[in-house]
Amino acid sequence: MPTLPARRDLLLVCLAAVCASCSSDDTLVSVSGETMGTTYNVSIVDPPKNLSLSEIESAITSELSTANAIFSNWDTESEVSRFNRSAARTPVRLSDAFSQLLDIADFVHVASEGRFDLTAAPLIELWGFGESGPAARVPTDAQILSTLASVGQQRVINRASGGMALFMREEGASLNVAAIAKGAGIDAVSDRLQTMGLENVLVEIGGDLRARGAGPHGSGWRIGVEKPGFPPGAVQEVVVLQGAGMATSGDYRNYFEEDGVRYPHIIDPTTGRPVTHATTSVTVIADSATLADAWATALLVLGRERGAEIAEKNGIAALFLERTDEAAEFQRYASATFKAYARQDTRDPVTK
């Protein structure tokens, strides 16, 4: 099955085995596999006895296949790829799922002062972080300026028919939805399982996730936020989720260096250049994984200083980690809303 690429800015959530934290009366079902260029893990506590494991697995794979068929820029026959290939200058009818994703993308684009932008695809390619692979060199100022003419979500794309149709205003424009598609896939799986009567569920794809119910130990799903750096897997802190989505974006796993300068793949669509601030990761908790996914990207582009102001203004639960002179230490800033989820005591099992 063609898949979306792994979004390398995601800091994998540290997920340890849950069985140790289940009570003797709990039944835990886990389903894992590969999708969207990465892995997925679904943990279900006390599934209804009238549902077989094969029925659950079939529902999960069906929703993930549908998400790829709509959002994958790497699948030439996906809805977004067909739209880009058409270079649509007249309205193209969208699926309901694509239209709903654009609603969220439009909201975050405006609220983040343009830092979340689905039309940044030409810039991603220019800097060598896209489908065509690594760039031969840092682009010239003229190349960046020329490419920016095709970027700008509010200016470049236009929606019609009550948001159900889409077309481009600029030649050379294209959409890349990888910064929000995993969240959409997670929400689709989570919602599908809920309709089947599965209420205590954790759905995770490549580090993004959504939690429903009280978790395997009855007090919420305990999730570890990974500490940036290597080796991977160290826990920065633990949050407890119940009925929320979470996503983390970081700048340190996908980058290149030239003439002693480090260029991360986090590109500011308003300048056309990789970010230069000290913020290395942002974790966001929101009502849905889709919204968390989009905001994590937007706030990382903004950086802690301006990003924290916007997070507080919009009531976003966000955790910013900034590099310091000490390589293994990070400056932490949590928004007021995020503090309600954080737990200082990390001794109890972290859930997977």
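User: Which residue stands opposite Met246 in S10?
Analyst: Leu209 does. This is a predicted model, in which local features need pLDDT of at least 70 and side-chain atom pairs count only at pLDDT 80 or more, while totals for chains, interfaces and linings use all residues. Residues are numbered from 1 along each chain as its sequence is written, and side-chain values use heavy atoms, with hydrogens and water left out.

User: Which strand is joined to S10 by 3 bridges?
Analyst: Strand S7, residues 208-211, and the two run antiparallel. Strands are DSSP runs of E, at least two residues, and helices are runs of H or I, at least four, numbered from the N terminus. Two strands pair if DSSP finds at least two bridges between them.

User: And how many bridges does S10 make with S15?
Analyst: S10 and strand S15 (residues 279-286) pair over 6 bridges, also in the antiparallel sense. Within that pairing, Thr248 of S10 is placed opposite Thr283 of S15.

User: Is S10 mostly covered or exposed?
Analyst: Mostly covered: S10 spans residues 244-250, and 7 of its 7 residues are buried (under 20% relative accessible area with a 1.4 Å probe, protein chains only; exposed is over 50%, partly exposed in between).

User: Which S10 residues point which way?
Analyst: Ala244, Met246, Thr248 and Gly250 point one way, while Gly245, Ala247 and Ser249 point the other. Both sets are buried. In a regular strand, side chains alternate between the two faces of the sheet.

User: Switching topic. What is the strand order in the open sheet of 3 strands?
Analyst: S8-S9-S18, with antiparallel pairing. S8 (221-226) and S18 (342-343) are the edge strands, each pairing on one side only. Strand S9, residues 235-241, is joined to S18 by 2 bridges, and Val239 faces Ala342 of S18.

User: Now the largest nonpolar core. Which of its residues touch the most other members?
Analyst: Leu193 and Leu299, out of 65 residues in that core. Helix H8 (residues 289-314) supplies the largest share, 13 residues. A nonpolar core is a set of buried Ala, Val, Leu, Ile, Met, Phe, Trp, Tyr and Cys residues joined through side-chain atoms within 4.5 Å.

User: What does Leu193 touch?
Analyst: Leaving out residues up to four places away in sequence, Leu193 touches Val42, Ile44, Ile56, Ala59, Ile60, Leu198, Val201 and Val203. Contact means heavy atoms within 4.5 Å.

User: Which residues does the second core include?
Analyst: Leu241, Met246, Leu321 and Phe330 are among its 19 residues, and this core is separate. Met246 is the S10 residue from the start, opposite Leu209.
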